[in-house]
Amino acid sequence: MAQEQRPIRPLTSNDVVKEYLSAYNSVCALLWLSIFGRVVLLVPITGFESVYAGAGDFAKWTQTVAMLEILHSAFGLVRSPLPTTFLQVASRLLLVWAVVDRFPSVTTSTPFYSSMLLAWSATEVVRYTYFVLNLRGSVPSFMTWLRYNMFYVLYPIGITSEAVLVWKASEATGEPWKWVGWVVLGLYIPGSYVLYTYMIAQRRKVMNAKQAERRNRAGTQ
């Protein structure tokens with residue numbers, strides 16, 4: 001007797017969005033992993049001065065791709081709040097285009113450019129990998145721990161590095177752009193507070209959910 005074939009379930013809009021986000025996050029994870037590897041290899045071999053030549057353009061365009069995440073949030077493809085997403089993406093675009101790309105001579109030869117890229121890339125490799133696994137419904141505990149704990153160290157490193165580069169670029173310009181740089185530095189305080197407290201709130205929510213899940217499992221055994 002011929003085996004009865006299961007009917008093929010038609011794709012839904014949710015399936016398409018899920019596959020798109022999975023592909024997007026996978027590509028971004030690989031791109032940032034490449035940046036992380038380039039910086040880690042270049043610094044001990046040729047020094048901080050060569051990092052921009054070896055990874056600068058690649059990092060600039062990789063970060064520019066993240067503009068799509070503003071659209072993802074605006075159109076409801078992800079649950080990330082639009083103001084927080086816009087703030088994070090816009091601040092990084094400011095760094096790669098208006099600061100580093102315009103003033104490479106005073107920003108890229110310092111250790112702060114390399115530390116910024118390392119903080120960004122380590123954060124993003126974990127973040128995008130976490131998203132891919134979450135979309136697939138299987139996130140290992142260690143990946144959840146990395147996603148919601150690494151920022152305690154990486155965010156201060158990244159924010160400090162960014163602020164130093166903005167300051168160096170502002171010092172290399174004349175008025176009124178110098179004052180624009182100082183205004184941007186002033187905005188770093190509330191902006192950093194918003195991003196940092198948002199991640200702390202997310203961590204608390206996720207970790208509390210994990211603890212409740214473990215208690216439920218223990219109660220059913």
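## A buried tyrosine pair

Tyr 24 and Tyr 128 are both buried in this predicted model. Their ring centres sit 6.1 Å apart with the planes at 80°, so this is an edge-to-face pair. Tyr 24 belongs to helix α1 and Tyr 128 to helix α6, so the two rings tie together parts of the chain that are 104 residues apart in sequence.

Tyr 128 has a charged partner too: Arg 127 lies over the face of the Tyr 128 ring, at 4.5 Å from the ring centre. Arg 38 does something of this kind with Phe 58, lying over its face at 4.3 Å from the ring centre.

## Other rings worth a look

There are 12 aromatic pairs in the structure. One of them joins Trp 61 and Trp 97, with centres 5.1 Å apart and planes at 85°, so this pair is edge-to-face. Trp 61 comes from helix α2 and Trp 97 from helix α4, so the pair ties together parts 36 residues apart in sequence. Is Trp 97 buried or partly exposed? Trp 97 has a relative accessible area of 31%, which makes it partly exposed.

Ring pairs also link up into a cluster made of Phe 151, Tyr 152, Tyr 155 and Tyr 196.

## Two nonpolar cores

The largest nonpolar core is built from 29 residues, and Leu 95, Met 116 and Leu 117 have the most contacts inside it. Helices α1 (13–46), α2 (51–65), α4 (82–100), α6 (111–135), α8 (151–171) and α9 (177–220) each give two or more residues to this core. Take Leu 117: setting aside neighbours within four places in sequence, Leu 117 is in contact with Val 39, Val 51 and Ala 59.

Apart from this core lies another, with 10 residues that include Met 143, Tyr 148, Phe 151 and Leu 195. Phe 151 therefore turns up both in this core and in the ring cluster.

## The largest pocket

How much space lies in the largest pocket? About 1200 Å³. Its lining takes in 43 residues, and those nearest the pocket centre are Arg 79, Ser 80, Phe 131, Asn 134 and Tyr 148. Tyr 148 is one to keep in view, as a member of the 10-residue core and of this lining.

Which elements supply at least two residues of the lining? They are α1, α3 (67–74), α4, α6, α7 (141–147) and α9. The largest share comes from α9, with nine residues.

Technical notes
Residues are numbered from 1 along each chain as its sequence is written. This is a predicted model: local features need pLDDT of at least 70, side-chain atom pairs count only at pLDDT 80 or more; totals for chains, interfaces and linings use all residues. Side-chain values use heavy atoms; hydrogens and water are left out. A nonpolar core is a set of buried Ala, Val, Leu, Ile, Met, Phe, Trp, Tyr and Cys residues joined through side-chain atoms within 4.5 Å. Buried means under 20% relative accessible area, exposed over 50%, partly exposed in between (1.4 Å probe, protein chains only). Helices (H or I, at least four residues) and strands (E, at least two) are DSSP runs, numbered from the N terminus. Contact means heavy atoms within 4.5 Å. Rings of Phe, Tyr and Trp (its six-membered ring) pair if their centres lie within 6.5 Å; planes under 30 degrees apart count as stacked, over 60 as edge-to-face and the rest as tilted. A charge sits over a ring if NZ of Lys or CZ of Arg is within 6 Å of the ring centre and within 35 degrees of the ring normal. On a 1 Å grid over the protein atoms alone, a cavity is a set of points where a 1.4 Å probe fits but cannot get out, and a pocket is an open set with protein on both sides within 12 Å along at least five of seven lines; lining residues have an atom within 4 Å of a point. Grid points are joined across faces, edges and corners, and a volume is the space filled by probe spheres set on the points.
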